[in-house]
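I opened the model today to go through its surface, its core and its charged pairs. My notes follow in the order I looked things up.

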Amino acid sequence: MLSRTISSCLIRKSTRQGAKANRISTRLFAQSTQHIGYDHSRVVEVRKNGKVGDQIVIKGWIKTVRSQKTNLFIEVNDGSSIANLQVVADASWADKVTLSTGTSIEVQGQLSQPPGGPGQLELLPSSIRVLGACDNSYPLAKKKHSLEFLREIAHLRPRGNTFAAVMRVRNAATVAIHNFFQKEGFINVHTPIISANDCEGAGELFMVSTRQKVEAAPGQAAPPAHQKDWNHFFNVPEAYLTVSGQLDAEIFACAMGRVYTFGPTFRAEKSNTPRHLAEFWMVEPEVAFLDLEGDMMLAERFIKSVVSDIAAACSDDISFFEKWVDPTVRARIDATLKESFARVDYTDAVEILKKAGHAMEWGQDLERAHERYLCEEYFKKPVFVINWPKTIKPFYMKLNADGKTVACMDLLVPRIGEVIGGSAREDNFDLLVGRMKEMGLNVESNQWYTDLRKFGSVPHAGFGLGFERLLLYVTGMENIRDVIPIPRHP
């Protein structure tokens with residue numbers, strides 16, 4: 001404790017002697033934020049750019065408070081970093097302000113180097129101000145909480161280390177995705193959320209309607225809500241929340257070459273599992289003049305670029321996941337970047353699975369156990385499974401010459417299974433119409449889609465990435481509800 005007191009005195013003496021230098025240092029350190037209206041520095045900036053002697057202001061939430069004889073040790077976090085900034089205050093501050101876990105505070109003071117901590121920084125406060133007191137019922141005590149418990153307090157779970165780290169990775173992934181496509185010359189297209197199309201043909205759709213008051217005829221009771229007769233708001237029989245932006249993106253790919261969508265999609269699938277959400281995000285590029293081979297090359301390049309950017313931007317968070325969530329996460333990331341992805345024809349994959357003792361026949365879809373066996377045990381790396389039976393794939397996929405399979409691919413990755421699904425799109429008008437009729441789809445109501453094959457049709461391809469599944473892959477989290485801000489599920 002004596003060494004800490006001596007250290008503090010020396011810092012104060014140094015500050016008086018070098019006031020001008022410190023003012024310059026403080027001004028340079030603060031200008032990155034204060035010149036645009038912010039009146040404080042963020043913890044991540046302090047830890048990266050701060051220097052001993054800098055006068056700073058931070059604002060955040062107290063993670064822990066420890067009291068010793070003459071000092072209070074206050075860990076403050078503002079969400080910008082997995083790491084906290086330690087405030088070392090005189091014990092008398094406990095009599096001036098109420099400091100407890102969860103309380104939001106503003107601290108002004110001078111950065112110091114803790115005894116025995118070269119390269120580390122702590123804050124010696126000249127002022128501590130409580131911005132928001134925290135009630136004693138605050139549920140996030142200093143202990144490890146289960147993810148199940150945190151889901152029950154979704155409005156507070158960003159205060160915890162795990163979910164805050166997930167959100168920083170999610171942000172870095174979002175930036176990386178846009179950067180990749182912009183560098184490759186793609187145009188971002190905002191496709192509609194309300195649609196009249198069932199892109200996948202699965203029928204698991206949320207219907208969109210308006211709340212309309214229907215007056216009963218004289219002497220008659222008003223009809224039940226589900227039997228009310230009214231004209232649809234959009235003058236179509238039915239409208240839904242979109243399951244994919246792909247079909248709309250094809251409009252722009254067939255005019256602008258390279259486009260992508262990145263937005264929310266919805267499935268009314270009554271599945272209460274760690275792998276399903278009712279609302280989730282999809283990344284969907286569509287590219288003119290591209291075949292299946294080019295589509296797979298794009299997908300592999302995309303995955304490696306995004307994963308690399310996440311690893312670079314969120315190294316501390318990845319280390320946190322490696323320590324507390326999944327010890328294999330960094331090794332998995334490294335392997336993804338180093339190895340070329342494998343490729344296997346669906347027919348060959350069926351034979352591989354059958355030889356390994358899996359109950360599997362040609363024409364069946366792969367179950368998750370099949371997917372994981374192929375990429376974790378047989379190939380031991382991400383693998384594209386290509387040329388699937390047309391009977392288990394959507395109508396828009398390009399028919400192969402054999403008439404039985406379509407030119408498509410699913411990318412399977414270790415621990416997750418399918419993370420990308422893509423294909424060459426059917427660009428032949430007659431074949432597309434035939435497939436639509438074969439699958440019982442209304443050709444007339446989808447004339448706009450078939451028109452793309454009548455007026456200057458071109459070969460084109462694309463894929464869809466399940467954004468939350470990618471986040472599971474790079475964080476090691478087990479439940480998809482833990483990688484989206486506010487999960488929507490049955």
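I began with the accessible surface of this predicted model. The protein exposes about 24,700 Å², and 52% of that area is supplied by carbon and sulfur atoms. I then looked up burial, and found that buried residues make up 48% of the 490 residues. For secondary structure I noted 15 helices and 15 strands. Among contacts with a separation of 6 or more, 68% are accounted for by residues 24 or more positions apart.

**Surface patch**

I looked for nonpolar side chains on the surface. Ile187, Ile251, Phe252 and Met256 form a nonpolar patch there, with about 310 Å² of accessible area together. Helix 7, residues 246-256, gives the largest share of the patch, 3 residues. Ile187 lies in strand 6, which covers residues 187-188. Is Ile187 buried or exposed, or in between? Ile187 has a relative accessibility of 35%, so I entered this residue as partly exposed.

**Core**

Next I went inside. The largest nonpolar core has 59 residues, and the members that touch the most others are Phe302, Ile303, Phe321, Met409 and Ile420. Helix 8, residues 292-313, contributes the largest share of this core, 10 residues. I also noted a second, separate core of 26 residues, which includes Ile352, Val383, Trp388 and Cys408.

I took Ile420 as a member to follow up. Leaving out residues up to four places away in sequence, Ile420 touches Ala299, Ile303, Met409, Asp410, Leu411, Phe463, Gly464 and Leu465.

**A loop residue**

Thr103 was my next stop. This residue sits in the loop between helix 4 (93-96) and strand 4 (104-112). Is Thr103 buried or exposed? Its relative accessible area is 1%, under the 20% cut-off, so Thr103 is buried. I listed what Thr103 touches beyond four places in sequence: Gly60, Trp61, Ile62, Thr98, Val130, Gly132, Ala133 and Cys134.

**Helix 6 and what follows**

I checked the length of helix 6. It has 23 residues and reaches 33 Å from its first C-alpha to its last, close to the 33 Å expected at 1.5 Å a residue. Gly185 follows helix 6 and has a positive phi, near 80°.

**Salt bridges**

Side chains of opposite charge can pair when their charged atoms come close. How many salt bridges are there? I have 23 in the count.

The pair I looked up to start with is Glu184 and Arg301, whose closest N and O atoms are 2.8 Å apart. Glu184 is in the loop between helix 6 (161-183) and strand 6, and Arg301 is in helix 8, so this salt bridge ties together parts that are 117 residues apart in sequence. Arg301 is partly exposed, at 37% relative accessibility.

I then turned to Glu322 and Arg330, whose side chains meet in a salt bridge at 3.5 Å, N to O. Both partners went into my notes as partly exposed: Glu322 has a relative accessible area of 29%, and Arg330 has 21%.

Glu478 and Arg415 also form a salt bridge, at 3.4 Å, N to O. Why does this pair tie together separate parts of the sequence? Glu478 lies in the segment after helix 15 (467-475), while Arg415 is in the loop between strand 13 (405-413) and strand 14 (417-425), so the parts joined are 63 residues apart in sequence. Glu478 is exposed at 61% relative accessibility, whereas Arg415 is buried at 13%.

I also found a network: Asp39, Lys59, Glu106 and Arg129 are joined by salt bridges that share partners.

**A lysine in helix 8**

My last entry is Lys304, which lies in helix 8. Its relative accessible area is 18%, so I recorded Lys304 as buried. I looked up its distance to Leu337: the two are 33 residues apart in sequence, and their C-alpha atoms are 5.5 Å apart in space. What does Lys304 contact, leaving aside neighbours within four places in sequence? Lys304 is in contact with Thr336, Leu337, Glu339, Ser340 and Phe341.

Methods
Residues are numbered from 1 along each chain as its sequence is written. This is a predicted model: local features need pLDDT of at least 70, side-chain atom pairs count only at pLDDT 80 or more; totals for chains, interfaces and linings use all residues. Side-chain values use heavy atoms; hydrogens and water are left out. Patches are made of residues with over 30% relative accessible area and no salt bridge: like charges are joined within 9 Å, nonpolar side chains (Val, Leu, Ile, Met, Phe, Trp, Tyr) within 5 Å. Accessible areas come from the Shrake-Rupley method with a 1.4 Å probe; for residues, only the protein chains shown count as cover. A salt bridge is a side-chain nitrogen of Lys or Arg within 4 Å of a carboxyl oxygen of Asp or Glu. Helices (H or I, at least four residues) and strands (E, at least two) are DSSP runs, numbered from the N terminus. Buried means under 20% relative accessible area, exposed over 50%, partly exposed in between (1.4 Å probe, protein chains only). Contact means heavy atoms within 4.5 Å. A nonpolar core is a set of buried Ala, Val, Leu, Ile, Met, Phe, Trp, Tyr and Cys residues joined through side-chain atoms within 4.5 Å. The expected span of a helix is 1.5 Å times one less than its number of residues.
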